[in-house]
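This report introduces a structure to a reader who is meeting it for the first time. Please look at the display below before reading on.

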Amino acid sequence: MSTLRTEVGIVGAGPAGLVLSHLLYLEGIDSAVLENRSRQYCEERIRAGVLESGTVDLLVQMGVGERMKREGLIHYGIELRFGGQGHRIDFKDLTGRAITVYGQHEVIKDLIQARLATGGRILFEVEDVRIDGFESAHPKIHYTHAGQPGEIHCDFIAGCDGSHGVCRPSVPPGALTVYDRQYPFGWLGILAEAPPASEELIYAHHDRGFALHSMRSPQITRLYLQCAPDENLDQWPDDRIWEELQTRLSGGNDWRLHEGRILQKGVTGMRSYVVEPMQHGRLFLAGDAAHIVPPTGAKGLNLAVADVRVLARALNAFYSTGSTTELDRYSKACLRRVWRVQRFSWWMTSMLHKHEGNPFDERRQLAELDYVTSSRAASQSLAENYVGLPMDDTLLR
Ligand code: FAD
Ligand code: DHB
């Protein structure tokens, strides 16, 4: 049996776990990360693509932003398309800020490289991860690696293991309150070898359902279609996907998507989910392990990064002064932002997706889109949430 001693044991090498580990390293705090997937799998897993300006600033300050600054695409607005017409939301004018389009898997590559280059310990392909002792001062993480059992003895555990991880379910029943809302639809997403047909993202409301045009580079388009939560991909040959995307994203004149080879296809369900509190004893939950947002506001990754920023500061305060005051405030501080982001993601989702049922709702949605795109106050509200609520301490009080 191998036994490892560290200050913070981190479960999960997603954005939350890796950003936390690197922030702690920069403060001189030791950590070890356990990940059940391979390094290659983590680096190729296609997920989110939009970084808020605060996330970008943090990655740059951490010294992991070089490639992102070179390859990321800076966008000063998005388009809302409905009734076949486009309406631009101008972030620069409305907020003075921008977003950066840079794939989550690229962020992961940069973080893994930075962690390993600075002596960080990440153990990939671990199995049977189990945590205990977090109600005492001596938490432990148990695992198997290459057939050998191992243990990590640490002061704190960070549960950064996503929505299907082991940390949240290890909290004793009754200690957490769950808030959950399922949506009756999902997204069918594709990555295509085709240049984006627009410089900016397009969120389209259409009577056949929502569609989104995004991108990863000047050669690669990322596209999504509203579908059933359990949609069978076998029913979606490439031709049908392109036809449906062309219909839902059509914008008058002869604007058309550029089509190309489909490199990846997948269906993602949609959920709003929060557990409270995000701490139990010396276990701290962060990112998708504590909350899930529907992807329409492009917030999942950004929220995970915001959580661990708070956690790293609280751990730093503990190791430099011995005080647990900031650690005790962790959950409350994060949940304020979490609920605001839940509200925004729910609102974007409700405004843009087709809901079966009362035709009143479709008319109301169109009125909402009309209002959001014609009132400066309403556009500004969308813009300030989309580019990201402040990452400074105004949300920590
Ligand atoms: P994760 O990225 O899930 O990282 C958790 C890590 O823990 C993973 O590497 C996992 O392999 C590991 N792990 C899990 N269980 C264990 C265990 N038992 N032991 C050890 N390691 C474990 N957001 C958007 O904004 N836009 C999108 O288009 C979008 N698409 C998504 C598509 C999918 C399929 C999913 C699942 C999420 C998507 N998201 C999207 C959300 C966004 O990607 C997440 O919010 C973000 O990844 C959260 O980061 P995290 O570090 O908290 O969790
Ligand atoms: C992307 C994903 C989102 O959920 C979103 O709202 C915008 C863009 C993307 O993958 O590029």
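## The surroundings of ligand 2

In this predicted model, ligand 2 is surrounded by 14 residues, and the closest of them are Y203, S214, R216, Y224 and P295. Sorted by class, the shell around ligand 2 consists of eight nonpolar, three polar and three charged residues.

Two strands, β16 (211–217) and β17 (220–227), each supply at least two residues of this shell. The largest share, three residues, comes from β16.

## Polar contacts and burial

Three side chains place polar atoms beside oxygen atoms of ligand 2. For Y203, an N or O atom of the side chain is 2.6 Å from an oxygen atom of ligand 2, and for S214 a polar side-chain atom likewise lies 2.6 Å from an oxygen atom of the ligand. In the case of R216, a polar side-chain atom is found 2.7 Å from an oxygen atom of ligand 2. Taken alone, ligand 2 exposes 290 Å², of which the protein buries 97%.

## Cavities in the structure

How many cavities of 30 Å³ or more does a search of the whole structure find? The search finds three, and the second largest has a volume of about 60 Å³.

The lining of this second largest cavity is made up of G14, P15, C42, R45, R47, Q104, H105 and I108, which by class are three nonpolar, three polar and two charged residues. Helix α6 (residues 104–117) provides the largest share of the lining, namely three residues.

Conventions
Residues numbered from 1 in each chain as written. Chains lettered and ligands numbered in written order. Predicted model: local features only at pLDDT ≥ 70, side-chain atom pairs only at ≥ 80, totals over all residues. Heavy atoms only, no water. Near = heavy atom within 4 Å. Polar contact = N/O pair within 3.5 Å; in protein donor to acceptor, adjacent residues only side chain to side chain. Areas by Shrake-Rupley, 256 points an atom, 1.4 Å probe, with all protein chains shown as cover. Helix = DSSP H or I, 4+ residues; strand = E, 2+ residues; numbered from the N terminus. Nonpolar A, V, L, I, M, F, W, Y, C, P; charged D, E, K, R; others polar. 1 Å grid on protein atoms, 1.4 Å probe; cavity = no way out; pocket = protein on both sides within 12 Å on 5 of 7 lines; lining within 4 Å. Points joined across faces, edges and corners; volume = space filled by probe spheres on them.
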